[in-house]
Amino acid sequence: MSAQHPTETSSQLNKPTEASADNLIRGNDRFPMPTAPVFEDKMAQRAYEKQRLAAAFRIFALHGFDEGLAGHITVRDAVEPDTFWVNPLAVHFSQIRASDLVRVDHEGNIVEGRHAINNAAFAIHSRLHMARPDVNAVAHAHTRNGRAFSALGTSLLPISQDACMFYKNHGVFSTFTGVVAVTEEGDLIAEALGENMAVILQNHGLLTVGKTVDAAAANFVIMDSCCESQLMVQAAGEPQLIPDDIALQTRRINASDLVTWGNFQPLYAVALAKDASFLE
């Protein structure tokens, strides 16, 4: 099924190309705009980021991204950055608390925590954290939409404003050899990710990254939704694509640190209101 670009574009319009408070919101001159906190105390940062990671699992559970033993989200440790925090094995995402999280080093040694972990989480996430020092968090799950879309072995198309976030900003890992158990495959996934914010693992699922847990988790939620939208559109007819220049212009805003972090904040508020036990 081919996709057609519109013959007319609005590329000459004077649109903002960078994300800032000035072009994203009104009233920021009178009311403070939420921004990611900056820490001088690394121990305080560690505690905060563990709570955000636990919240991300609660959010994944609320979206149904919680089947079986699969799925993991990690964050680089603020105190010892050659280690990272990950979810314990066989604990449902809806029940994970900050105190349940496990810290592991890049060699696979558990250095803090009371639980075993999924070996695939180590094999994949350790390689990504090592390959991308700019990335502090990685999110992966086997969702219904992600599994279905990944079986196509293709990329997301720029068919919506949200999908533009991933335009020329995600890879496709086209090799499936079964459950990931060795770091060599993690290296290949890191290579497929490249400098992008996401990678589609063919016949497997989705993976997103970010400078914060907030960004990585929110990027995953949006990517899963974009996969569902494209599956719906392709089932109904021939999609009309957003032109290259407009898609890239839109991506500069939607994939910015400000927006990707901000997308998590309403999700966090819902999780907090529903059950704040993840803070423990």
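How near do the axes of helix 2 and helix 9 come, and at what angle do they cross? Keep that in mind while you load things up; this is a predicted model.

**Stop 1: helix 2 against helix 9.** Select residues 42–62 for helix 2 and 264–274 for helix 9. The two axes come within 9 Å and cross at roughly 85 degrees, which means helix 2 is roughly perpendicular to helix 9. Now show side chains. From helix 2, pick Arg52, Ala55, Ala56, Arg58, Ile59 and Leu62. Across from them in helix 9 you'll find Phe264, Gln265, Leu267, Tyr268, Val270, Ala271 and Lys274. Colour this contact by class and you should get nine nonpolar, one polar and three charged residues.

**Stop 2: along helix 2.** Go to the start of helix 2 and zoom in on Asp41: one of its side-chain oxygens reaches to within 2.9 Å of the backbone nitrogen of Met43. Then check the length of the helix. With 21 residues at 1.5 Å a residue, helix 2 should span 30 Å, and its end C-alpha atoms are indeed 30 Å apart. Past the helix, click on Gly64, which has a positive phi, near 80 degrees.

**Stop 3: helix 6 meets helix 9.** Keep helix 9 on screen and add residues 213–236, helix 6. The axes of helix 6 and helix 9 come within 9 Å and cross at roughly 95 degrees, so this pair is roughly perpendicular. On the helix 6 side, select Asp214, Ala217, Ala218 and Val221; on the helix 9 side, Phe264, Gln265 and Leu267. The contact divides into five nonpolar residues, one polar and one charged.

**Stop 4: the sheet.** Switch to cartoon and look for an open sheet of eight strands, in the order 4-3-2-1-5-8-7-6 with mixed pairing. Strand 4 (110–112) and strand 6 (170–173) are at the edges; each has a single partner strand, so one side of each is left without a neighbour in the sheet. Ignoring direction, neighbouring strands are turned by 25 degrees against each other on average. For a detail, select 72–76 and 83–86: strands 1 and 2 pair there in the antiparallel sense over two bridges, and Val75 stands opposite Trp85 of strand 2.

**Stop 5: helices on the sheet.** Select helix 5 (residues 183–193), which lies across strand 6, strand 7 (198–201) and strand 8 (205–210) and runs at about 140 degrees to strand 6. Finish by going back to helix 6, which packs on the sheet too, touching strand 1, strand 5 (137–141), strand 6, strand 7 and strand 8. The direction of helix 6 makes about 145 degrees with that of strand 8.

Key
Residues numbered from 1 in each chain as written. Predicted model: local features only at pLDDT ≥ 70, side-chain atom pairs only at ≥ 80, totals over all residues. Heavy atoms only, no water. Axes fitted to C-alpha atoms, helices over the stretch in contact; angles between N-to-C directions. Helix = DSSP H or I, 4+ residues; strand = E, 2+ residues; numbered from the N terminus. Parallel < 35°, antiparallel > 145°, perpendicular 65-115°, else oblique. Contact = heavy atoms within 4.5 Å. Nonpolar A, V, L, I, M, F, W, Y, C, P; charged D, E, K, R; others polar. Pairing = 2+ DSSP bridges. Expected span 1.5 Å × (residues − 1). Polar contact = N/O pair within 3.5 Å; in protein donor to acceptor, adjacent residues only side chain to side chain.
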